[in-house]
Every structure is written in C-alpha cells, then in structure tokens.
Amino acid sequence: MQLNYLACIALLTAGGVRAQQPQPVPVPADLRALLQQANTNYPVLRQQQELIRAGELRVDIARTALRPTVNLNGSYTYLTPVPQVTFPVNGQDATLKLAPNNNLNGNVSIGQTIYDFGRTDASVRQAADNVQVLRRGLEITQQNLAFQVAAAYYGVGFLQRSLVVQDSVIRTAGANVRLLATRLQNGDALQYDVLTQTVRVKAAQNRRIEIQNLLERQLAALTFLTGNPSPDVSQAITQFDLTDAASSATQPYNLDGDLAPVLATNKDVQLAQDRLRAAETEILVNSRAGKPSIGFSGNAGFKNGYPLNVEQPRANLAAGVAVVVPLYAGKRYQLQNQAAQLNLNASRYAVETANAQLRQNLAQLNADIRSNQTRLANLETQVQQARQALTIANARLRNGVITNVELQSAETGVEEAELGRLNFKYQLLLNQLELKRLLGEGL
C-alpha cells in the first residue's frame, strides 16, 4: 500500500496534466463554473489581453506611415547686424535693409508619403503577425489554465474518495483494537497484539492527515486559479463512483492514421507556425527597408524678410515633391537580411520540433493509457479478492484462529487495492484531459 500511496502523492504534487480522451465524460456543472471563474479572474489572462490590445494599436500605428502629417509652426529670431546697402536718393543717402532684425515665420505644413515601394504594407503585416502570435499565446494560456483547473478538481475528488477509504481503514483497525482488548481481558490474546493494532491505527490516522493536507493544497490551487476563496467541488468525489467511466472513455489515439488534423489543431504546433509566418514577414520587411520613397511636402503661412520692405509679414506658399533613394548604409540592410534568414530557418526547425514532439507525446500517452487500463482492470479483481480475504480473516479473528500478522496482511491488502484502484481512475481521468489538450480541444 505504501508504494501506491507515495505514487499518488508524487502524481498530485507534480502538478502536471497528463491525459487523453477522444470521447470525454461530460464535464460536471461545478467544474464548468470553476472554468468560467478562472477565465474571468486569472490575472495572467488579463495581462495577455492587454498585450494584444497594445499589439493591435501597433498595427494602426504602422498604417499611419501612409497618412498625412499636419503641423502648425512658428518661429521668431532677432538678428543684428543685418546686411544693408546705402545709396543716394534725391541728394540724400538712403539705407535699404536686405534682412529684418526681427524675423517672423508662421505657417501650417503638411507632409505625405506618396509611395514607399511596399515598406508600410510590410510593417503593417509584421505588426499583425505579432498580434497573431500574442493571440495564440493567449489561447494556449487559456487552454493550459482550463486543464490545470480540471486536474486540480479531479485531484480534489480523488483525495476526498481516498479519505473515505482511509476512514474505513481506521474504523476497521479501531474495531480490531477493541476486539483484541476484550480478548486480552479474557486471556485469549497478548498485549503485543493490542499494541500492534494500536500502532496500525495511529499510522492510518497519520496517512489520513497527509491526505487531508494534500486536499487542502489542491483546494488552495483551485482558489489561486479561479480567484474563488471557496470553490465549489461538490460533485468532484462522484467522478470516482463511476467505475468504468474513465477506462471506457479513454482510448489510445491511432498513430497509424493521418496526423494532419491533429497538427492543424494542436496549439503548440499552431504557435510554431504563427512564429514561422512572422519570421517570413520579417524577411519581407528587411528586403524593403532599403527601398526608395516618394513624398509630398508643403506649407502655407506668413513671414517677413521679403524685399523691399523686409519688416512686413507677407503670405507665402511652398510645395514640392521629394525622392529619397538609399545608396549606402554600411551593410546594414544586408546584415539585417542575413539575421532575418537565420531566424526564419530556426522557426522552420521549431515547427518540425513541435510536430515531432506532438507525435512523441501521443505515443507516450498511448502507453500510459494502455498501462493504466490494464492495471485498473487487474485492481478491480484484486479489490474483490482482498475484500473476501478480509471477511474470512475477520471471521477467523472472532473465532480466535488467526494471528495478528495475518489480520494485518488482509487489511493492508484491501487498503492497497482500494487506493490503487482510485489512483488509476485518477490517472485515466488525467489521460482524458491530456489527449484533449494535445488535440487542441476544449473542455
């Protein structure tokens, strides 16, 4: 029993969701409510949603490169001395300023990119690809959160049912202590037998404390994930009353067939593909970074400094078209293209890795399912046999024809079988969850 019990503890404390299920058992109502609470309250989801909003704004920012810019400009400059000429007029010297001391300039200017050979379009596409990567990350977080909540929920049910089994063990051992105490008074038992059974009761009580501690930790995990200080898990224990539900619903995935549908729905593969598309767009952006650009600029306003009266502000208008053709940038564009190509190659390998990882996970999960189903079937028989053996042992104890060691062996056999069966039911439920996660399905 101790080995199975420690295995249960290790499974719970690991916190991982390892599960699969093509035809799932219906999701309990209280679990569905917990999933809704988690989607509403989990702070990481809200953080990622804000990042997506920021990314969408970056798409709009990238589009503004082809929109006009309008500015209101004003300046004042005092100059002295200023250039001037003196010449005779009607017998007197006249001074003519070629520039004013007080220089005034106020205008409204406009700038507009006419054509940039696709640079803005590439930037918009890159920003949109980045948003898609963020959205996929949000989907993965939501999926992982749902399965973490479900694993914790089923863990609560598993531990609650384990407490029921442990309480039965404590009651049986306590009854044996009382029976052996009566026989001791009658001279039909030894003090050693009473002490041995008393120690067994204490050991069973300590194991119950450990299970209770694990249960409280699972409830704390649910509180963290859902934001609910008192999560409703009233139906969790009933999931382990259905003896054949997990084993019948959980079946190995057929790896001999076409994996294309799975590759198309698995979230991790989709994320790798999104990053590949973003890397391809980065190649496009860098290839267009050195392209020419054609732009229009103009302004209208008032300024002084015009001959012959340089102090008088006058209306003015200016307009023109500019062409910028990059000729040399110190190999910047070439190096950027090389770096983008290397990033693209890495992204392609990441997709291949995600595909191979998915196949490996499915194969390992299939092995777990077959093993858990076989061991659960064996334990169903073992539980029945252990109960029959304990019934016989109790009858022999009342008749005084059994040793304390034989009684403990019979009781331990029932305890091991019951907890072992619960353990494999729990693992098969987790197998259902993991298969749904790998297939990209929701709960």
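Two strands count as paired here if DSSP finds at least two bridges between them. Keep that rule in mind as you open this predicted model, and let's start with the sheet.

**Stop 1: the four-stranded sheet**

Select residues 293-303, strand β5, together with residues 314-324, strand β6. These two strands run antiparallel and are joined by eleven bridges. For one rung of that ladder, pick F302 and look across to β6, where A315 is its bridge partner.

Now add residues 102-115, which make up strand β4. Its pairing with β5 is antiparallel too, with ten bridges between them. Two residues of the ladder are worth labelling: Y115 faces I294 in β5, and N107 faces G301 in β5.

Bring in β1, residues 69-78, and you can see the full set: an open sheet of four strands, ordered β1-β4-β5-β6, with antiparallel pairing. Which strands stand at the edges? They are β1 and β6; each has a single partner strand, so one side of each has no neighbour in the sheet. Turn the view to look along the strands: on average, neighbours in this sheet are turned by 20° against each other, direction ignored. If you show side chains here, remember that in a regular strand they alternate between the two faces of the sheet.

Before leaving β4, click on N102, which belongs to this strand. With a relative accessibility of 30%, N102 falls in the partly exposed class, because that class covers the values between 20% and 50%. Draw a distance from the C-alpha of N102 to that of L79: the two residues are 23 apart along the chain, and the distance should read 6.6 Å.

**Stop 2: a hairpin in the open**

Next, select residues 84-89 (β2) and residues 92-97 (β3), an antiparallel pair joined by six bridges. Find Q84 and follow the bridge to its partner in β3, K97. Two residues lie between the strands of this hairpin, and N90 has a positive phi near 55°. Is β3 buried or in the open? Of its six residues, the number buried is zero, so β3 lies largely in the open.

**Stop 3: the helices**

Select residues 119-185 to light up helix α4. How far apart are its end C-alpha atoms? They are 98 Å apart, and this agrees with the 99 Å that 67 residues should span at 1.5 Å a residue. Just past the end of α4, G187 has a positive phi of about 80°.

Add helix α3, residues 43-63, which packs against α4 at an angle of about 170°, with 8 Å between the axes. The two helices are therefore roughly antiparallel to each other, because angles over 145 degrees count that way. Colour the contact by residue type and you will find 13 nonpolar, eight polar and four charged residues.

Helix α5 makes a useful comparison with its own expected span: its 36 residues reach 53 Å from first C-alpha to last, close to the 52 Å expected at 1.5 Å a residue. The residue that follows α5, G227, also has a positive phi, near 75°.

**Stop 4: an aromatic cluster**

For this stop, rings are paired if their centres lie within 6.5 Å. By that rule there are six aromatic pairs in the model. Show the side chains of F240 and Y426: their ring centres are 6.4 Å apart and the planes meet at 45°, so the pair is tilted. What does this pair tie together? F240 sits in the loop between α5 and α6 while Y426 sits in helix α10, so the pair links parts that are 186 residues apart in sequence.

Switch on a surface and look for these two residues. F240 is buried, at 3% relative accessibility, and Y426 is buried as well, with a relative accessible area of 2%. Add F158 to the selection, since ring pairs link F158, F240 and Y426 into a cluster.

**Stop 5: along helix α10**

Finish by selecting residues 404-438, helix α10, and picking out E416 within it. E416 has a relative accessibility of 28% and counts as partly exposed. For a last distance, join the C-alpha atoms of E416 and A386: these residues are 30 apart along the chain, with 9.1 Å between those atoms.

Terms used: Residues numbered from 1 in each chain as written. Predicted model: local features only at pLDDT ≥ 70, side-chain atom pairs only at ≥ 80, totals over all residues. Heavy atoms only, no water. Expected span 1.5 Å × (residues − 1). Buried < 20%, exposed > 50% of the residue type's maximum accessible area, 1.4 Å probe, protein only. Axes fitted to C-alpha atoms, helices over the stretch in contact; angles between N-to-C directions. Parallel < 35°, antiparallel > 145°, perpendicular 65-115°, else oblique. Nonpolar A, V, L, I, M, F, W, Y, C, P; charged D, E, K, R; others polar. Phe/Tyr/Trp six-rings, centres within 6.5 Å; stacked < 30°, edge-to-face > 60°.
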